[in-house]
Amino acid sequence: MTTAICVTGLCKRFRENSALDSLSFDFPARMISALVGPDGAGKTTLLRIMAGILDYDSGQIQMFGEDYRKGFEAKKAAIGYMPQRFGLYEDLTVQENIDFFADLFGVRGNERRERVKRLLEFSRLDPFTKRLAGQLSGGMKQKLGLACALIHNPQVLLLDEPTNGVDPVSRREFWKLLYDLNRAGTTVVISSPYMDEAERAGHFALMSKGRLIAHGIPADERRNFQFAVYTLPTDRARAVKEQLCRRNEFRSVNLFGNSVHIVTDKSFQQENVKTVLESERLESASLQQIVPTFEDIYIALSTG
Amino acid sequence: MSFYRIWAIARKEFIQILRDVRSLIMAFLFPIVLIFLFSYAITLDIKQIPTAIIDYSNTDYSRELIRRFTNSQYFVEKNRPTSEKELQSLIDYGKVKVGIVISPDFADGLNRGGASIQTITDGSDANTSQSTLAYTSLIVSEYNLSRLQNSLGARMATTPIQANVRFWYNPDLNSQNFLVPGLISLIMTILGSLLASLTIAREWERGTMELLISTPLKPVELALGKLLPYYLIGMVDLLLAAYIGIVVFGVPFTGNLWTLALFSTFFLMAALSIGYLISVTLKSQQAAFQISLLTSFLPGFLLSGFLFPISSMPFVIQAVSLIVPGRYFISALRGLFLKGSTLQQLLPEALALLLFGSVFALLAIIKFRKKIQ
């Protein structure tokens, strides 16, 4: 597995606040990697540094083995970046925005005609080429952003919370586009505050307070999770959660719809959990051990 | 440097200006309004001053003097109050600017050789008062002369010195001839500094800069692409203003049109670079607008010699005016419009403007960093 972007000991401070605290991570080439974490975890800072638009204080960062500090401007053509805030011109039409970025990246001639046509089809924006970008829906704006970020056929695509505030249908469509791109060999790095997006990606990094708290390939990570997770279906999940939170046997107790997830150390057996439940006079017959969800992992790691 | 990228930025900027009503008004309507406003409403020649006259003397002599006042184009008799109290109220209410009081013993005094009249002016309007003073002395001395000539005969009563003042380049002392060239400079300052000061700040504010700096675009390309549309608009405004000035207001143009275009280019380079530098530094449209108003528009208005002669300013202010590009442009414009000056005669102005343009352009390009701070 080759590495597209290799981050080593990266530090970035904003005045007193440390945004990135000696972060190291390898983003594998030709895969979709998700950066997941709450607001303020440092996802945007990391993506901006990787896009070359933010200086960093110390550490090293390489793209395909070449250091960022050496002639980075020339490498910008290899990167497609989509900022968190809509970065296109709302007073320009869809077509004008695409043309503008095609010009900036020096895409011309036949190559340009074909690529614009393909991107418009792929993003399903072709009926809207004359519409002002400001009048597009949230999901369409994001697809236009993606089309503009792809106009120069970049090797690495950096997307900062592209599905934030987008309806579920558009979100699924957006991910389908990412899978298509990935199959064609593009490396994708996407950030998100949602755990389920880490599950969609082939590879993920959990960030909290400028640090990496877990990373790996999703399925492995969950099976090798250092804690055991049990689910307890109940009609009064909230009350049960409150009740169990008072116990000190568990690492954490979280609400999951109509059930409560109990996270314990691996040494703490299912029988022990049942004993605790019985002592609390709770129904324990339906207790079940499960493969941890990302949310379990995330909450356990960031609170533990 | 890629002309492709410069063109991409310029075209995008052009589309944005054309779709933004505020920019359009600033670029095209505002200059026209300014020209008509200044040329019609503001006249530096003071004429037709509203005047009240009290004639306590009420003799042929006093009536003759009053005729001389009212027949001049300077004073218009608005009122004939009966007392000084009434006169004061007229001045207080702003009905008249000047009061002339002729005392009851005017005719007697005239025969004894010691008559006087009282002229009261509203000193809160210093300009009018100044002119009143000058016009009153002129009318009174003409009256004196004619009385001398009547009593002594025209041969005996001559004034020993005749001052022959001739006004070159603007023989009628028409203030529009003086204002219109200065207005062109003012319009270009507004366009150059104010509009250009918003362009980069707008990109930061709307969040479009983040994407822009992630592309291979170079700072020089961004600057040239951004400023090219404003340069072209500036040249259109120049033609518009010059056309209105020459055709509607009859301002003469005696110089060379190409020299005018060259100077306008130099000045726009300076004005646009200053605006761009402000924009690059401040990143907020409101702050940029205020700072450029303060550093470009106000000095361009007050310290450029547009209305107020630089030579009568205190030494320190004169020194400050040396760094106001408008000063050189206005001097060149007046030369080109009224005096038929050649490029050779205007070389110092040309060099000064070029210097401003290069220094500020260089500063702006150095100052711009393709990074988020």
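In this predicted model, B:Thr199 is in contact with B:Glu13, B:Lys226, B:Tyr230 and B:Ser279, once its neighbours within four places in sequence are left aside. The residue belongs to helix α7 of chain B. Because its relative accessibility is 0%, where buried means under 20%, B:Thr199 counts as buried.

A wider look at chain B helps to place this residue. The chain contains 14 helices and 4 strands, and 48% of its 373 residues count as buried. Its C-alpha atoms fill a box of roughly 95 × 45 × 40 Å along the principal axes. The radius of gyration of chain B is 28 Å, whereas a compact globule of 373 residues would have a value near 21 Å. As for contacts between residues at least 6 apart in sequence, 80% of those in chain B join residues at least 24 apart.

Attention may now turn to the nonpolar interior. The largest nonpolar core holds 155 residues, and those touching the most other members are A:Ile5, A:Leu46, A:Met50, A:Leu146, A:Leu158 and A:Leu178. Helix α7 of chain B, spanning residues 175-206, gives the most to this core, with 14 residues. This is the helix in which B:Thr199 lies. Apart from the largest core lies another, made up of 16 residues, including A:Tyr230, A:Phe250, A:Val253 and A:Phe268.

On the chain A side, A:Leu178 offers a handy view of the packing. Beyond its neighbours within four places in sequence, A:Leu178 is in contact with A:Ile32, A:Leu146, A:Leu157, A:Leu159, A:Val188 and A:Ile190. One of these partners, A:Leu146, is itself listed with A:Leu178 among the core residues that touch the most other members.

Chain B also contributes to a pocket worth a visit. The second largest pocket has a volume of about 350 Å³. Its lining comprises 18 residues, of which B:Ala223, B:Leu224, B:Leu227, B:Met269 and B:Leu272 are the closest to the pocket centre. Two or more lining residues come from each of four helices of chain B, namely α1 (3-19), α9 (219-248), α10 (257-282) and α14 (347-367). In character, the lining divides into 15 nonpolar and 3 polar residues, with no charged ones.

The pocket also leads back to the starting point. Helices α1 (3-19), α9 (219-248) and α10 (257-282) of chain B, which help to line the second largest pocket, span the positions of the contact partners of B:Thr199, namely B:Glu13, B:Lys226, B:Tyr230 and B:Ser279.

Definitions and conventions:
Residues numbered from 1 in each chain as written. Chains lettered and ligands numbered in written order. Predicted model: local features only at pLDDT ≥ 70, side-chain atom pairs only at ≥ 80, totals over all residues. Heavy atoms only, no water. Core = buried A, V, L, I, M, F, W, Y, C linked by side-chain atoms within 4.5 Å. Buried < 20%, exposed > 50% of the residue type's maximum accessible area, 1.4 Å probe, protein only. Contact = heavy atoms within 4.5 Å. 1 Å grid on protein atoms, 1.4 Å probe; cavity = no way out; pocket = protein on both sides within 12 Å on 5 of 7 lines; lining within 4 Å. Points joined across faces, edges and corners; volume = space filled by probe spheres on them. Nonpolar A, V, L, I, M, F, W, Y, C, P; charged D, E, K, R; others polar. Rg over C-alpha atoms; globule rule 2.2 N^0.38 Å.
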